[in-house]
Amino acid sequence: MFLAPFLAMGMILLNALELVPLLTGSLCVAFAMLVTGCVTVSSVRKNVSVSLIITIAASFGMADAMESTGVAEELSADLVAIFRKTGDIGILFSIYFCTMMLTSLLSNAGGVALMFPIVWRIQQLHFKSKVYMYPLILLFISLFNIPRF
């Protein structure tokens with residue numbers, strides 16, 4: 001179990017250095033966690049939400065719609081225009097704040113699904129850096145820690 005954080009940090013490092021794509025790295029880490037005993041197949045079956053996976057998969061259609069209608073490009077341009085004077089930190093904060101608000105109102109998967117195409121356009125059009133995806137990843141993971149009543 002103590003190995004899991006190091007596997008995750010290795011995956012992030014290899015992706016940040018552009019040595020391994022994120023999907024490939026995450027699948028390798030998942031397999032390594034199974035092989036090393038960090039998780040068991042039964043615990044994965046018990047704790048992985050099928051509805052969450054379906055929501056994430058369905059978000060790709062929503063992302064395509066936002067791309068094809070130009071909504072993602074417009075919203076990304078607006079976010080960059082508003083926060084450009086604050087630099088990269090301000091733009092990262094705006095992504096984090098907008099995603100946090102959406103995940104608080106909807107769900108973790110829904111908020112991230114709505115913000116993903118916008119952040120993707122910010123990354124493609126303005127900065128060509130993967131760093132703008134990290135607030136989405138952090139919020140998607142960290143908001144599972146907040147208890148729901």
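**Exercises on a predicted model**

**Exercise 1.** Where is Val 48 placed, and is Val 48 buried, partly exposed or exposed?

*Solution.* Val 48 sits in the loop that joins α3 (41–47) to α4 (50–69). The model is a predicted one. The relative accessible area of Val 48 is 41%. Buried means under 20% and exposed means over 50%, so Val 48 is partly exposed. Val 48 also belongs to a nonpolar surface patch of about 390 Å², together with Leu 34, Val 41, Val 44 and Ile 53.

**Exercise 2.** Find how many aromatic pairs the whole structure holds, and classify the pair of Phe 93 and Phe 97.

*Solution.* The search gives two aromatic pairs. For Phe 93 and Phe 97, the ring centres are 5.9 Å apart and the planes meet at 20°. Planes under 30 degrees apart count as stacked, so this pair is stacked. Both residues are in helix α6 (residues 87–105), four residues apart, or about one turn of the helix. Phe 97 is partly exposed, with a relative accessibility of 38%.

**Exercise 3.** Check the span of α6 against its number of residues.

*Solution.* The helix has 19 residues, and 1.5 Å a residue leads to an expected span of 27 Å. The expected span uses one less than the number of residues. The end C-alpha atoms of α6 are 28 Å apart, which agrees.

**Exercise 4.** Which helix gives the most residues to the largest nonpolar core?

*Solution.* The core has 14 residues; among those touching the most other members are Ile 95 and Met 115. At least two residues come from each of α5 (71–83), α6 and α7 (108–127). The most come from α7, with five residues. Ile 95 is one of the buried residues of α6.

How values were computed. Residues numbered from 1 in each chain as written. Predicted model: local features only at pLDDT ≥ 70, side-chain atom pairs only at ≥ 80, totals over all residues. Heavy atoms only, no water. Patch = residues over 30% accessible without salt bridge, like charges linked within 9 Å, V, L, I, M, F, W, Y side chains within 5 Å. Areas by Shrake-Rupley, 256 points an atom, 1.4 Å probe, with all protein chains shown as cover. Salt bridge = Lys/Arg side-chain N within 4 Å of Asp/Glu carboxyl O. Buried < 20%, exposed > 50% of the residue type's maximum accessible area, 1.4 Å probe, protein only. Phe/Tyr/Trp six-rings, centres within 6.5 Å; stacked < 30°, edge-to-face > 60°. Core = buried A, V, L, I, M, F, W, Y, C linked by side-chain atoms within 4.5 Å.
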